[in-house]
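Trainee: I have a fold open on my screen and I'd like to work through it with you. Can we take it piece by piece?

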Amino acid sequence: MLTGARDPILVPEVSQHEVNLQQGFTGTELLLFGALLTPEGSRAAQDYDIVVVLKGPTRSIVLREKQKIAGIWINAASTELRSAPAYYAIASTRPISEIVDDKTAAIYELGLKWLQLSPIGAINPEEQARFAAGLVDLNRRHGLYREDEGGVKVSEQVLYQARIGLPSSVPTGAYTAETFAISNGRVVASASSQVEVRKQGVELAIAHFSDDYGFAYGLLAVVVSVGMGWLAGRLFALV
């Protein structure tokens, strides 16, 4: 009871609770910040490690592995994951391996290595690890999975902040920004905030049109593609 009374309280905040994807959106940066206080509201009496995680939205996904046969790339093995975050970013005051042990990291999913990417159905553990590593690598190259060891700055044992970038390809949906205060390998406090990423303007109209009139949208896309190809051919013929 005495130990629990000394545990700090986190007061988190996010610079933007809504991110609007409009025409010309090239990405943005979120500032995750807040305060670390004692239950009495004063400055924390010791140094804590801070870890922030921005994650979402979670969805099922089918992964297919390509294999080159006779000089042609074809789909080979595949698996379906029950839940995988479309976006995941983590920042910490120092490397996660120096803050918590593997068990605690796995429980709180602190790091790409510890994401719970559960497959649907039975699968060989080695094959599961290969597919999971492939998904993480693909999303890292697209800027959708990020790790920033040392990305959290703490001032005067009270204020913390971390900057996390969202790429232009960031998926729409509900995101959760979680903050963890850690001392001696133990999570002593946690708190979360919500962020909504949504389309606006022309992008929103196109998304609604494609959802409501799928056939017409596909037909229009083909017509536009053919028209652009014909126009490009005519322009090159004039050069």
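Trainee: In the hairpin of E9 and E10, which residue takes a positive phi?

Mentor: Keep in mind that we're looking at a predicted model. The hairpin of E9 and E10 has 2 residues between the strands. Look in the loop between E9 and E10 for a residue other than glycine whose phi is near 55 degrees. That residue is Asn-184.

Trainee: Is Asn-184 buried or exposed?

Mentor: Asn-184 sits in the loop between E9 and E10. Its relative accessible area is 80%, and the cut-off for exposed is over 50%. So Asn-184 counts as exposed.

Trainee: In which sense do E9 and E10 pair, and over how many bridges?

Mentor: Strand E9 covers residues 173–183. One place to look is Ile-182, which stands opposite Val-187 in E10. The two strands, E9 and E10, pair in the antiparallel sense, and the count of bridges is 11.

Trainee: Which residue of E10 stands opposite Val-19?

Mentor: Here the partners are E2, residues 18–21, and E10, residues 186–199. They pair in the parallel sense over 4 bridges. Opposite Val-19 in E10 you'll find Val-197.

Trainee: There's another positive phi, at Glu-109; is that residue buried or exposed?

Mentor: Glu-109 isn't a glycine, yet its phi is about 55 degrees. You'll find Glu-109 in the loop between H3 and H4. Its relative accessible area is 18%, and buried means under 20%, so Glu-109 is buried.

Trainee: Which two residues does a cis peptide bond join?

Mentor: Go to strand E4, where Pro-57 lies. The bond has an omega of about -25 degrees. The pair it joins is Gly-56 and Pro-57.

Trainee: E4 also came up when I looked at the largest pocket. Which element gives the most to the lining of that pocket?

Mentor: The largest pocket holds about 260 Å³ of space. Two elements give two or more residues to its lining: strand E4 (49–69) and helix H4 (125–141). With 6 residues, the one that gives the most is H4.

Trainee: How many charged residues are in the lining of the largest pocket?

Mentor: Among the lining residues are Arg-64, Glu-65, Lys-66, Arg-130 and Arg-141, along with others such as Phe-131 and Leu-138. By class, the lining has 5 nonpolar residues and 1 polar. The charged ones number 5.

Trainee: While we're on H4, how far apart in space are Gln-128 and Leu-117?

Mentor: Gln-128 has its place in helix H4, and Leu-117 is 11 residues from it in sequence. Leaving aside residues up to four places away, Gln-128 touches Leu-117, Pro-119 and Ile-123. From C-alpha to C-alpha, Gln-128 and Leu-117 are 8.8 Å apart.

Trainee: And what is the relative accessible area of Gln-128?

Mentor: Gln-128 falls in the partly exposed class. That class lies between the 20% and 50% cut-offs. The value for Gln-128 is 29%.

Trainee: How much space lies in the second largest pocket?

Mentor: This pocket is lined by 16 residues, and those nearest its centre are Ile-96, Ser-97, Leu-110, Trp-114 and Glu-149. Strands E5 and E6 and helices H2 and H3 each supply at least two residues of the lining. By class, the lining has 8 nonpolar, 3 polar and 5 charged residues. The space in the second largest pocket comes to about 210 Å³.

Trainee: Now the cavity: which element supplies the largest share of the lining of the largest cavity?

Mentor: The search of the whole structure finds 1 cavity of 30 Å³ or more, and its space is about 30 Å³. Strands E1, E3 and E9 each supply at least two residues of the lining. By class, the lining has 6 nonpolar, 2 polar and 1 charged residues. The largest share, 3 residues, comes from E1.

Trainee: Last one, stepping back: what percentage of the residues of the protein count as buried?

Mentor: The protein has 6 helices and 10 strands. Its exposed area is about 14300 Å², with carbon and sulfur atoms supplying 54% of that. Of the 239 residues, the part that counts as buried is 35%.

Conventions
Residues are numbered from 1 along each chain as its sequence is written. This is a predicted model: local features need pLDDT of at least 70, side-chain atom pairs count only at pLDDT 80 or more; totals for chains, interfaces and linings use all residues. Side-chain values use heavy atoms; hydrogens and water are left out. Two strands pair if DSSP finds at least two bridges between them. On a 1 Å grid over the protein atoms alone, a cavity is a set of points where a 1.4 Å probe fits but cannot get out, and a pocket is an open set with protein on both sides within 12 Å along at least five of seven lines; lining residues have an atom within 4 Å of a point. Grid points are joined across faces, edges and corners, and a volume is the space filled by probe spheres set on the points. Ala, Val, Leu, Ile, Met, Phe, Trp, Tyr, Cys and Pro count as nonpolar, Asp, Glu, Lys and Arg as charged, and the others, Gly among them, as polar. Buried means under 20% relative accessible area, exposed over 50%, partly exposed in between (1.4 Å probe, protein chains only). Accessible areas come from the Shrake-Rupley method with a 1.4 Å probe; for residues, only the protein chains shown count as cover. Contact means heavy atoms within 4.5 Å.
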